[in-house]
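User: I should like to understand the terms used for this model. Please explain how each one is justified.

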Amino acid sequence: MSIPAPAEQPSIAAGEKVLELKDVSKSFGSVIALRDISMHVESGSVTCVLGDNGAGKSTLIKVLSGVHQQSSGVYTVGGEEVTLNSPRDALSLGIATVYQDLATVPLMSVWRNFFLGSEPTSGFGPLRRLNVKKAKEIARAELLQMGIDIRDVDQPVGTLSGGERQAVAIARAVYFGAKVLILDEPTSALGVKQSGVVLKYIVQAKERGVAVIFITHNPHHAYLVGDRFFLLNRGRMIENWERSEVDLDALVTAMAGGAELEALAHELESLGGPTEAAAEEVAGTVGPEEAPRSGPDGSPQA
Ligand SMILES: Nc1ncnc2c1ncn2[C@@H]1O[C@H](COP(=O)(O)OP(=O)(O)O)[C@@H](O)[C@H]1O
Ligand SMILES: [Mg+2]
């Protein structure tokens, strides 16, 4: 019987630089999606990449995961320069990506989703058969180890909550030995509670030595789990903070667009919008989610 290669349990020491970009740019024709990006990620830590829509987050992930090749700059994995021609190349180096909607197949059972084509088999040649019992046991045990208790792994993944579905995809990547786990906005379609579920698995993966890259535009979610924070703005990496160098307010303000938002508030004021006090309030303190369209009480302030 052959069992699919389980992750050689924490063989990676925490704090090791596993992946690095140096001056990486990516253009699509005349559109420059990424400009001179330099960043690195470490094992056993959560690296957050924050940025507004169009900042270049997905492009960055696609370069890291082998979907796109950079136009210039150097990409190194474990200290070696690499050229990734496909997501399969990335996976073979231990770089796994969980895309929000494509992470699991809804009509397929939980255990099948866990293995997705890499199921353990028994016997050889024409006698080779899928070892269903073993596969179910492994899926259930692995999910349990990540803290997710699914009594019936035969149930379709579609019956799980959004957070649990992401968890199955994360547990699978960890089991199959991901050294780097890239999550593209895993919480953006989820409510508060389900987001909490996903954030918990991000921390579990980190505890198992994985370098997690967490893409989000939610500074609150980032702050709950992040060890390092990169901020992308119009294709440029404009901030690189260690956790000790930043607080939630700074992240919220950075994501709210700081100076840009202030300028906008004053422009709206000149068009007959809310007063200067409201403009200052918005520019100074309010995050993207809470940003009111009018005054805090629902009407323009006097
Ligand atoms: N395949 C592509 N062809 C042309 N332009 C693209 C392509 N992918 C992304 N872009 C452009 O690159 C910029 C960054 O996009 P993207 O990486 O999707 O940002 P984000 O994920 O942060 O919202 C946008 O201006 C987008 O239109
Ligand atoms: Mg995107």
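Analyst: Helices (H or I, at least four residues) and strands (E, at least two) are DSSP runs, numbered from the N terminus. In this predicted model, local features need pLDDT of at least 70, side-chain atom pairs count only at pLDDT 80 or more, and totals for chains, interfaces and linings use all residues. Residues are numbered from 1 along each chain as its sequence is written, while chains are lettered from A and ligands numbered from 1 in the order in which they are written.

User: Which elements each supply at least two residues of the shell around ligand 1?

Analyst: They are β2 (31-42) and α1. The largest share, three residues, comes from α1.

User: What makes a residue part of the surroundings of ligand 1?

Analyst: Its C-beta atom, placed from the backbone, must lie within 6 Å of the molecule. Residues around ligand 1 include Phe28, Val31, Gly54, Lys57 and Thr59.

User: How do the residues of this shell divide into nonpolar, polar and charged?

Analyst: Four are nonpolar, six polar and one charged. Ala, Val, Leu, Ile, Met, Phe, Trp, Tyr, Cys and Pro count as nonpolar, Asp, Glu, Lys and Arg as charged, and the others, Gly among them, as polar.

User: Why is helix α1 called largely enclosed by the rest of the structure?

Analyst: A residue is buried if 20 or more other C-beta atoms lie within 10 Å of its own, exposed if 12 or fewer, and partly exposed in between. Seven of the eight residues of α1 (residues 57-64) are buried, so the helix is described in this way. Among them are Lys57, Thr59 and Leu64.
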